[in-house]
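Trainee: Before we discuss anything, could the sequence and the model be put in front of us?
Mentor: Here they are.

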Amino acid sequence: MKSMYRSGVFKKSNGSAKLIITTIMGVVFGYFIGVSFPSVSLTKVIIPSSIYSPFDVTMREDQSKSLERSFPENLGSGNTPATPKIYVPSNPRGAESLPPGIVVPETDLYLRRLWGEPSEDLKKKPKYLVTFTVGWGQRDNIDKSIKKFSGDFQILLFHYDGLVTEWDQYEWSKQAIHISVKKQTKWWYAKRFLHPDIVAAYEYIFIWDEDLGVEHFNADKYIHLVKKHGLDISQPGLEPNNGLTWQMTKRRGDKEVHKDTEEKPGWCSDPHLPPCAAFVEIMAPVFSREAWRCVWHMIQNDLVHGWGLDFALRRCVKPAHEKIGVVDSQWIIHQVVPSLGSQGKSENGEAPWKGLTSNRLEETKIILLHTHTHTHTDPYFVP
């Protein structure tokens, strides 16, 4: 009996020892396995939201709120939550480190309230943008012009004489956007304030002078005809008896739109090239959103008056002789008011406007030279 009892005790003790030894070996083995793997940074792990339960989401929201409340105390300490490392090469330049969902690459000129829900700021979003470069002396003419544009048009005035608050006497001025920099021209303003990403919300952009008669012009009908005839760059026809014009931009009484013309003998080496086709003047051009994205990049920073630019616009649309045209049934009168002349500088006893004219002629020579010179060092080089 004693031998049997002792044998049972021995077997029981031996089994317990084996269990203890096995456990110790398992712990040691697990430790070495654990230290042999590199640590995993949880900040780089992206878990699909679809696998979270409602309880998980609630817990994560509570933790997030707790972190927000305690963040100032944790700032700079080891308890500060690590920021996930992000690099999205498809984001706009400079924004590669941002989550794609927060990137807004384009904007608009919509006016916003300082109160209420942002979604309720705009009762109606303007679809088109019209800009005038103005001086106070042409206020009556600008007032008549702006009244030709419906609520579908956002009005933007560039003030070259520094007078802005005076325009408050007009009701429409309260909803217009005013930008004032003295002694500048519309192309200077356009390059700096009409970047394609800023005006991307607008289907068409009007960049007009201040000395235009609009008695025979309706902006909504004009837009209809531009869309109907597929014009990416256009202008209203000009009254043939007022001001100096090219044959291409003179109004034709028997057409809605025309895209080509006949000029003086020898003026057009190709009937599809300016000034016989693919041509509008710079006093009242209208650009589609797509065309303007190209034209904006072509405008040089030192381009002031824009003379000669009309010959280069064709570079931005294909085929240019089909995409550029003149709208005859909605026409304007160029009043040829040299209002910018007073903004020039008198030198050697000459009138201020003479200096402006010489500058314009020089710009024309430079643009025509550059758009026809195929050298890679040329700023206007187009292969």
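The questions below turn to disulfides, then to the nonpolar cores and one helix.

Mentor: This is a predicted model, in which local features need pLDDT of at least 70 and side-chain atom pairs count only at pLDDT 80 or more, while totals for chains, interfaces and linings use all residues. Residues are numbered from 1 along each chain as its sequence is written, and side-chain values use heavy atoms, with hydrogens and water left out.

Trainee: What is the handedness of the disulfide between Cys 268 and Cys 276?
Mentor: A disulfide (a pair of cysteine sulfur atoms within 2.5 Å) joins Cys 268 to Cys 276, with an S to S distance of 1.8 Å. The torsion about their S-S bond is about 95 degrees, and the disulfide is therefore right-handed.

Trainee: How many residues apart in sequence are the parts that Cys 294 and Cys 316 tie together?
Mentor: The disulfide between Cys 294 and Cys 316 has an S to S distance of 2.1 Å, and its S-S torsion of about -70 degrees makes it left-handed. Helices (H or I, at least four residues) and strands (E, at least two) are DSSP runs, numbered from the N terminus. Cys 294 lies in helix α6 (residues 289–298) and Cys 316 in the loop between α6 and α7 (320–323), so the parts tied together by the pair are apart in sequence by 22 residues.

Trainee: Is Cys 316 buried or exposed?
Mentor: Buried means under 20% relative accessible area, exposed over 50%, and partly exposed in between (1.4 Å probe, protein chains only). Its partner Cys 294, at 30% relative accessibility, counts as partly exposed. Cys 316 has a relative accessible area of 14%, and is buried.

Trainee: Which element gives the most to the largest nonpolar core?
Mentor: A nonpolar core is a set of buried Ala, Val, Leu, Ile, Met, Phe, Trp, Tyr and Cys residues joined through side-chain atoms within 4.5 Å. Of the 40 residues in the largest one, Trp 187, Leu 194, Ile 233 and Trp 292 touch the most other members. Elements that each supply at least two residues of this core include β2 (153–159), α4 (186–193) and β9 (324–334). With 5 residues, the element that gives the most to this core is α6.

Trainee: What arc do the buried residues of α6 cover around the axis?
Mentor: The buried residues of α6 are Ala 291, Trp 292, Val 295, Trp 296 and Met 298. They lie on the same side of α6, because the arc they cover (taken from the directions from the helix axis to the C-beta atoms) is only 150 degrees.
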